[in-house]
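This report walks through one protein model, moving from its strands to its helices. Please keep the structure in view while reading.

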Amino acid sequence: MQELISQGIVLRSLDYHDNDKIITILTPEHGRLTAILKGVKKVTAKMKFASQVFCYAQFKLVGKGEMLTVSGATEIESFFDIVQDYKAMRAGSAMLEIADGVSFIHEPDHLLFSGLLRALETLSKTETDPDVVLMRFALGVFKITGYAMNLRTCGTCGKSLNADIVRFDVETGEFTCIHCSKGSYIPVSPRTLEVMQNLPKLEFDQLENIVITDTEAREFKTIIRANFACRFGKNLKTLSSV
Ligand SMILES: [Zn+2]
């Protein structure tokens, strides 16, 4: 039996047997881990908090292989306020799904972990638009996974993008000029492109004054979903009805 102690953020939680839950946790040193929380659905269960998504805690895990057992958990910070605001909950859920989709079992990923943690803190503790936080997080994830979005030049001919006529090619995951656009594309408005170009330069605590319209947020989320499918072959369910 191995014992492992690590900070973690709960990405997913599923019912298991009558009283148990299986949780998926993102940790900095061990990547993504899956563990059983035994008896957690009983009224008297002490670790109930650890079965909630968005829970940020210090976990003690025992076992071998892919399925561990939670033997202890101490809450570090509660992000419960995220689920009390619909828009924050939607954006936060998308961030958890993105982190789940790009992380690997037992592979350290300090950048992904600290990015997710900072994004959740921003969602929970500030008035920043949740969709702007999601946008910043997603652009950061594409960058650290080696798929930084090219937001300045056409992915085909290499010329500078003219903000008035930019398209996002859903087959290649590249922005293109109107001349190089072929097949299925998402039209990108000048303002959406401008915000996306500025975001990677900003830290999470510098996003508070960025205002975007619902249309721009929708456009952005459609691009994220298409790029995620293109780069990782996975459909983001949390962004499928934006
Ligand atoms: Zn072009």
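Which residue in E5 does valine 62 stand opposite? In this predicted model, valine 62 stands opposite threonine 69 of E5, and that pair is a convenient place to begin looking at the strands.

## The barrel

Five strands form a closed barrel in the order E1-E2-E3-E5-E4, and their pairing is mixed. From one strand to the next, the twist averages 50°.

The mixed pairing can be followed around strand E5, which covers residues 67–77. With E4, strand E5 pairs in the antiparallel sense over seven bridges, whereas E3 (residues 31–37) and E5 run parallel and are joined by three bridges. On the E3 side, alanine 35 has leucine 68 of E5 as its bridge partner, and isoleucine 36 stands opposite threonine 69. Threonine 69 is also the residue that valine 62 stands opposite. The hairpin of E4 and E5 has three residues between its strands, and in this hairpin glycine 65 takes a positive phi near 80°.

## A buried tyrosine in E4

Tyrosine 56 belongs to strand E4. Is this residue buried or exposed? Tyrosine 56 counts as buried because 21 other C-beta atoms lie within 10 Å, and the cut-off for a buried residue is 20 or more.

If its neighbours within four places in sequence are left aside, tyrosine 56 is in contact with Ile9, Ile76, Glu77, Phe79 and Leu117. By contrast with these contacts, histidine 17 is 39 residues away from tyrosine 56 along the chain, and the C-alpha atoms of the two are separated by 24 Å.

## Helices on the barrel strands

Two helices can be described by the strands that they meet. Helix H1 (residues 86–102) lies across E1, E2 and E3, and its direction is at about 120° to that of E1. Helix H2 (residues 110–125) packs on the sheet, where it touches E1, E2 and E4, and its direction makes about 105° with that of E2.

## Three helices packed together

Two packed helices are described by the angle between their axes and the distance between the axes. For H1 and H2, the axes come within 11 Å and cross at roughly 175°, which means that H1 is roughly antiparallel to H2. In this contact, Ala88, Ala91, Gly92, Met95, Ala99 and Val102 of H1 meet Leu112, Leu116, Ala119, Leu120 and Leu123 of H2. Sorted by class, the residues of the contact are 10 nonpolar, one polar and no charged.

H2 also packs against H3, at an angle of about 175° and with the axes 10 Å apart, and these two helices are therefore roughly antiparallel to each other. On the H2 side the residues are Leu111, Leu112, Gly115, Ala119, Thr122 and Leu123, and they meet Pro130, Val133, Phe137, Gly140, Val141 and Ile144 in H3. Here the classes are nine nonpolar, three polar and no charged residues. For H1 and H3 the angle is about 10° and the axes are 9 Å apart, so H1 is roughly parallel to H3. Among the residues that make this contact are Lys87 of H1 and Asp131 of H3, and by class the contact has 12 nonpolar, no polar and two charged residues.

## The open sheet and its helices

A second set of strands forms an open sheet of three, in the order E7-E6-E8, with antiparallel pairing. Its edge strands are E7 (174–177) and E8, each of which pairs on one side only, and the twist averages 35° from one strand to the next. Between E6 and E7 there are four bridges in the antiparallel sense, and aspartate 169 stands opposite glutamate 174 of E7. Helix H5 lies across E6 and E8, running at about 145° to E8.

Which residues of helix H4 (residues 190–198) are buried? They are Thr192, Leu193 and Met196, and, seen down the axis of H4, they fall within an arc of 95°, so they line one face of the helix. An α-helix has 3.6 residues a turn, so residues three or four places apart point the same way. The cover over the buried residues of H4 includes helix H3 (130–144), strand E6 (166–169), strand E8 (185–188) and helix H5 (214–232).

Key:
Residues numbered from 1 in each chain as written. Predicted model: local features only at pLDDT ≥ 70, side-chain atom pairs only at ≥ 80, totals over all residues. Pairing = 2+ DSSP bridges. Axes fitted to C-alpha atoms, helices over the stretch in contact; angles between N-to-C directions. Contact = placed C-beta atoms within 7 Å. Parallel < 35°, antiparallel > 145°, perpendicular 65-115°, else oblique. Nonpolar A, V, L, I, M, F, W, Y, C, P; charged D, E, K, R; others polar. Buried ≥ 20, exposed ≤ 12 C-beta atoms within 10 Å, placed from the backbone. Arc of directions from axis to C-beta.
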